Amino acid sequence: MILRSQRYEILLIFSYLLFSEVLFAKADSAFDCSVSFNNTKFDLTTLAGEHVVNRTRDTPPSVMLDSLRFNLCADLTAQTTVPEQDQCPSGTRACLTKTNQKSDQSDRVVAVIPIAQTSKLEPNLSFSFTPKYLSLVFHGAEYPPTTPSTQQSLNLTLFCDPQGISDPKFVAYDSSRLDLEWSGPAGCPFKEEGGGNKDDDTKDEDQEKESVGSGIGWFFFVLLFAFVAYFGLGAYYNYSTYGATGYDLIPHRDFWKEVPYMLSDVISHLCSNVRPRKTSSRGGYISV
């Protein structure tokens, strides 16, 4: 039983090392709109400042106005003309306010949600080459404060557009994640050491080739690792279960003994097909 439990632990360790991989890059929590990861740089300072984007939803007999106020590079400032209870707490970078509007009544704020906060920001960044865009995910507090609650987040998709900056677009909100789309030069990568060209197609192609090469390298590394793990775990199993030693430790030993002969047969068959056949040099004469 002890040997079996040890085998299971070893299998779990090998499985974790084989299949675990980091799929996204995390930026520093003190996000200041200077993005650098995977040798790729972005300058988001052109998007600095407070922005407001709205959407309306029909909720008869009233209308619901969803208003997102955000600043990617710094905390939002307090609004002197708005009551404190109708604002997000200090340290918020994205604040969603839901206002119920009715024609015969004054507007009523029904929810104030801190979508992204500096203390909980933990920005996740990713980049796509086709189409070319930068994806940023900022995190916020759980809402509502009472249970059950869900953590809030802002998912910004910033498309590369060297021609100019568009207006941000409120795409969706599912009570947990708010999706926002924007386009502008800030979504285009550049390299400082390469001269700061923000839309260098040649560099993008080099990065794509590098990613393909690294992917092939990882494939062969995983293949080699799996091969070594197969022999290591197989030998351990034969030793702990059957008390095998020497060549008997090799898993499926009979199969591996036959491999050289199988390869020899395959090579001989290929050579016989490739080798040109001898033809008679006596023209069309046929002996009888």
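**Figure 1. D66, a buried residue in a predicted model.** D66 is buried, with a relative accessible area of 0%. The model shown here and in the following views is predicted. The side chain of D66 forms a salt bridge with that of R55, with N and O 2.8 Å apart. Because D66 belongs to strand β5 and R55 to strand β4, this pair ties together parts that lie 11 residues apart in sequence. D66 also meets the side chain of R57 in a salt bridge, here with an N to O distance of 2.7 Å. R57 is partly exposed, and its relative accessible area is 27%. Side chains of opposite charge can pair when their charged atoms come close.

**Figure 2. The salt bridge between D179 and R177.** In this pair, the closest N and O atoms are 2.9 Å apart. D179 has a relative accessible area of 16% and counts as buried, because the limit for buried is under 20%. R177 is partly exposed, at 38% relative accessibility. Elsewhere, R55, R57 and D66 are joined into one network by salt bridges that share partners. A search of the whole structure finds five salt bridges, including the one between D179 and R177.

**Figure 3. S62 and its contacts.** S62 is found in strand β5. This serine is buried, with a relative accessibility of 10%. Its side chain makes a polar contact with the side chain of N100, at a distance of 2.9 Å. When residues up to four places away in sequence are not counted, S62 touches N100, Q101 and K102. N100 therefore appears in this view both as a polar partner of S62 and in the list of residues that S62 touches, while S62 itself counts as buried.

**Figure 4. The cis peptide bond from P60 to P61.** The bond that joins P60 to P61 is cis, and its omega angle is near 10°. P61 lies in a loop, with strand β4 (51–59) on one side in sequence and strand β5 (62–70) on the other.

**Figure 5. The cis peptide bond between Y143 and P144.** Y143 and P144 are joined by a cis peptide bond with omega about -5°. P144 is found in the loop between β9 (132–143) and β10 (150–160).

**Figure 6. C33, a residue with positive phi.** The phi angle of C33 is near 75°, which is a positive value in a residue other than glycine. C33 is placed in the loop between β1 (25–26) and β2 (34–37). Is this loop residue buried or exposed? C33 is buried, with a relative accessible area of 0%.

**Figure 7. E122, a loop residue with positive phi.** E122 has phi near 40°, a positive value in a residue other than glycine. The loop that holds E122 runs between strand β7 (105–117) and strand β8 (124–129). E122 counts as partly exposed, because its relative accessibility of 45% falls between the limits of 20% for buried and 50% for exposed.

Definitions and conventions: Residues numbered from 1 in each chain as written. Predicted model: local features only at pLDDT ≥ 70, side-chain atom pairs only at ≥ 80, totals over all residues. Heavy atoms only, no water. Helix = DSSP H or I, 4+ residues; strand = E, 2+ residues; numbered from the N terminus. Buried < 20%, exposed > 50% of the residue type's maximum accessible area, 1.4 Å probe, protein only. Polar contact = N/O pair within 3.5 Å; in protein donor to acceptor, adjacent residues only side chain to side chain. Contact = heavy atoms within 4.5 Å. Salt bridge = Lys/Arg side-chain N within 4 Å of Asp/Glu carboxyl O.
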